[in-house]
Amino acid sequence: MPLHDTVHTVTERIRQRSAPTRGAYLQQLEFHARRDRGADRLGCANVAHAFAGMPANDKLRVVVQKAPNIGIVTAYNDMLSAHAPLQHYPDLIKDEVRKRGATAQVAGGVPAMCDGVTQGTPGMELSLFSRDVIAMATAVALSHDVFDGALMLGVCDKIVPGLLVGALQFGHLPTVFVPAGPMTSGLSNSAKAKVREQAAQGLVGRGELLEAEMAAYHSPGTCTFYGTANSNQMMLEAMGLHVPGTAFVNPGQTLRQELTREAARTVLGDKGTPCPPIGRVVDERAIVNAMVTLLATGGSTNHLIHWVAVARAAGLVIDWDDFSALSAVVPLLARVYPNGSADVNQFQAAGGPGYVIRELLDAGLMHEDVLTVRPGGIREYTREPQGTADQRLHWADIGASRDDSVLRPAADPFSATGGLKLLSGNLGRSVIKVSAVPPDRHVVQAPARVFASQGELQQAFQAGELDRDVVCVVRWQGPQANGMPELHKLTPPLAVLQGKGYKVALVTDGRMSGASGKVPAAIHASPEAHAGGPLALVRDGDVIRLDAVAGTLDVLVDAAEWQARTPATVPPGLLQDNARGWGRELFAGMRRNALSAEEGACTWL
């Protein structure tokens with residue numbers, strides 16, 4: 001199937017727009033690739049320090065026998081259920097590479113915070129910027145400069161984008177990403193959401209709510225809804241940076257252990273030829289492939305920020321217009337919570353990433369002429385891994401969808417267009433995840449109620465002040481104001497209001513990730529209010545029209561009056577609170593330097 005015209009046009013637009021920065025990036029990559037290997041190039045004292053902690057046999061291999069040395073960057077901690085299984089991965093990897101005459105070292109660890117723990121707390125204001133901290137920590141780890149390849153161990157929200165941004169600074173290294181898989185299914189996501197809504201109404205107490213939450217989040221592994229963490233894994237498969245089909249195999253399975261070993265084999269390559277360097281794999285075609293699969297699966301809106309940053313790290317410049325153009329032609333192939341009732345385990349059982357990639361390739365909606373970490377290219381990612389009795393891996397064809405309520409072919413999709421939509425108008429530019437929103441809620445027009453924090457909105461809800469048609473504007477939530485936290489705590493009360501039959505929407509310069517659910521939410525409003533964006537002009541009672549069909553977001557105020565208004569400013573006490581406690585003082589420079597959401601909220605450009 002020839003490549004779809006729009007996919008071709010967007011890719012060419014990115015290539016042309018990025019020519020100067022991509023050219024400079026590749027020039028730097030080639031400079032580093034031409035150097036002698038680290039153990040031969042560095043001074044004797046440097047080499048001695050690098051390998052002093054190694055077993056004697058490994059020292060002999062890397063220094064005398066000139067064996068490949070693989071750097072492991074790990075996001076392991078057991079605060080994150082998704083990362084707890086990573087604890088013993090380095091031992092598996094070292095054992096596997098030794099079988100192939102190579103060596104491996106844990107080059108460094110990176111921080112990894114759990115958004116589920118910090119939701120609605122000041123700690124969430126460190127969340128987005130932790131991505132750039134992770135990128136810097138990855139660079140610190142690899143700066144030892146004695147590695148012939150790298151393995152990135154991480155799964156969740158900011159962790160994978162941060163590892164990827166950091167790894168791309170060492171684009172000359174062959175690099176493979178190594179996930180841990182989702183926890184097994186517990187209490188369904190829809191049942192959990194129902195209890196949350198009941199708690200928001202005071203119908204159940206803390207005991208019942210805690211019981212439901214712990215039944216949903218119950219064991220090691222990634223959370224089972226299709227938020228940012230699981231969207232990460234889908235996109236890495238589409239970019240060819242995983243062992244094929246490794247994303248959603250549960251922790252603890254023999255197959256999962258063998259896939260981890262296969263990652264070590266993959267980075268070393270076949271017959272002494274390593275897999276391609278990551279800076280070559282991640283080109284404009286790979287970035288577009290990731291964008292397409294995000295749209296086709298109704299993935300997390302966070303990636304309209306993160307993948308802009310990832311692209312910039314590879315010298316590529318993308319923007320929300322690129323996402324919008326692709327969304328208009330990419331069909332929605334998956335229904336996974338909150339874009340449906342299934343969880344990621346059901347998604348995997350129905351055919352998983354391999355099914356989605358095959359359908360998109362066959363429909364001409366993905367680039368097939370791309371490099372991946374595997375010699376068979378992106379077609380290898382259309383099959384699923386299986387283990388045999390002797391633990392040897394093989395990959396099998398997926399065939400038809402095993403559950404067409406979860407996965408459908410490109411010829412018969414859930415929707416003809418993707419799950420995300422760009423909105424623009426006199427309130428700036430924002431994005432909305434439409435795949436989970438009922439069609440009769442795609443257009444909302446109602447008076448505004450303006451809030452300075454999600455806490456204020458929750459108080460108004462509890463007081464019964466929002467029992468009406470209303471567009472809730474929550475401002476001062478952008479990168480420069482307070483680090484752009486996710487506002488998940490708003491989903492239950494807004495869902496309750498919508499359930500009562502009211503026309504309800506949210507407009508904010510904050511984030512909602514993949515969990516905005518069925519409530520229309522125009523998020524990432526850019527420029528943010530604190531940077532002079534138009535949300536600073538909105539007043540209580542202004543009528544706002546959110547139209548996800550036409551792709552517009554406007555306040556219906558006379559143009560002359562709108563232009564004459566004086567922007568509101570962040571309440572002084574709030575700005576001070578945003579800067580104190582929970583380590584927020586240390587992130588002051590990041591808040592000052594952060595670019596807009598549409599520019600990836602980057603703090604390093």
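**Entry 1: positive phi outside glycine**

A strand is here a DSSP run (E) of at least two residues, and strands are numbered from the N terminus. With that in hand I looked up His524, which is found in strand S12, and I kept in mind that the model is predicted. His524 has a positive phi of about 60° although it is not a glycine. I noted this because most residues other than glycine have a negative phi. I then asked whether His524 is buried or exposed. His524 is buried, since its relative accessible area is 0% and the cut-off for buried is under 20%.

I made the same check on Lys66, where phi is near 60°, again a positive value in a residue other than glycine. Lys66 lies in the loop between helix H5 and strand S1 (69-74), and with a relative accessible area of 46% it counts as partly exposed.

**Entry 2: cis peptide bonds**

I looked up two cis peptide bonds that lead into proline. One joins Tyr337 and Pro338, with omega at about 10°, and Pro338 sits in the loop between helix H17 (320-327) and helix H18 (344-350). The other runs from Ser526 to Pro527, with omega near 0°, and Pro527 has its place in the loop between strand S12 (521-526) and S13.

**Entry 3: strands around S13**

From Pro527 I went on to S13 itself. Strand S9 (residues 443-451) and strand S13 (residues 543-547) run antiparallel and are joined by 5 bridges, with Val443 standing opposite Asp547. On to strand S14 (residues 552-555), S13 makes 4 bridges, also antiparallel, and here the partner of Asp547 is Thr552. The hairpin of S13 and S14 has 4 residues between the strands, and in this hairpin Gly551 takes a positive phi near 75°.

**Entry 4: the parallel sheet**

I next traced an open sheet of 4 strands, which has the order S2-S1-S3-S4 and parallel pairing. Its edge strands are S2 (103-109) and S4 (175-178), each of which pairs on one side only. Neighbouring strands of this sheet are turned by 25° against each other on average, direction ignored. Between strand S3 (residues 149-153) and S4 I found 4 bridges in parallel, and Leu151 stands opposite Val176 of S4.

**Entry 5: salt bridges**

The structure holds 42 salt bridges, and I looked up three pairs. Lys99 and Asp95 form a salt bridge in which the closest N and O atoms are 3.7 Å apart. Both residues lie in helix H6 (residues 89-99), 4 residues apart, about one turn of the helix. In an α-helix there are 3.6 residues a turn, so residues three or four places apart point the same way. Lys99 is exposed at 54% relative accessibility, whereas Asp95, at 33%, is partly exposed.

Arg196 and Glu213 meet through their side chains in a salt bridge of 2.7 Å, N to O. This pair links distant parts of the chain, with Arg196 in helix H10 (residues 189-200) and Glu213 in helix H11 (residues 206-216), 17 residues apart. Arg196 is partly exposed at 32%, while Glu213 is buried at 18%.

For Arg402 and Glu384 the salt bridge is 2.5 Å, N to O. Because Arg402 lies in the loop between strand S6 (393-397) and strand S7 (420-425) and Glu384 in strand S5 (residues 383-387), the pair ties together parts that are 18 residues apart in sequence. Arg402 counts as partly exposed at 43% relative accessibility, and Glu384 as buried at 15%. I also followed salt bridges that share partners, and these join Asp95, Glu96, Lys99, Arg100, Glu258, Arg261, Glu262, Arg265, Arg374 and Glu380 into one network.

**Entry 6: helix H13 and a surface patch**

How far apart are the end C-alpha atoms of helix H13 (residues 254-268)? They are 22 Å apart, which agrees with the 21 Å that its 15 residues should span at 1.5 Å a residue. I also noted that 13 of the 15 residues of H13 are buried, so the helix is largely enclosed by the rest of the structure. Gly269 follows H13 and has a positive phi, near 80°.

Last, I looked up a nonpolar surface patch of about 230 Å², made by Leu60, Val63 and Val64. Val64 is found in helix H5 (residues 56-64), and its relative accessible area of 57% makes Val64 exposed.

Notes:
Residues numbered from 1 in each chain as written. Predicted model: local features only at pLDDT ≥ 70, side-chain atom pairs only at ≥ 80, totals over all residues. Heavy atoms only, no water. Patch = residues over 30% accessible without salt bridge, like charges linked within 9 Å, V, L, I, M, F, W, Y side chains within 5 Å. Areas by Shrake-Rupley, 256 points an atom, 1.4 Å probe, with all protein chains shown as cover. Salt bridge = Lys/Arg side-chain N within 4 Å of Asp/Glu carboxyl O. Buried < 20%, exposed > 50% of the residue type's maximum accessible area, 1.4 Å probe, protein only. Expected span 1.5 Å × (residues − 1). Pairing = 2+ DSSP bridges. Axes fitted to C-alpha atoms, helices over the stretch in contact; angles between N-to-C directions.
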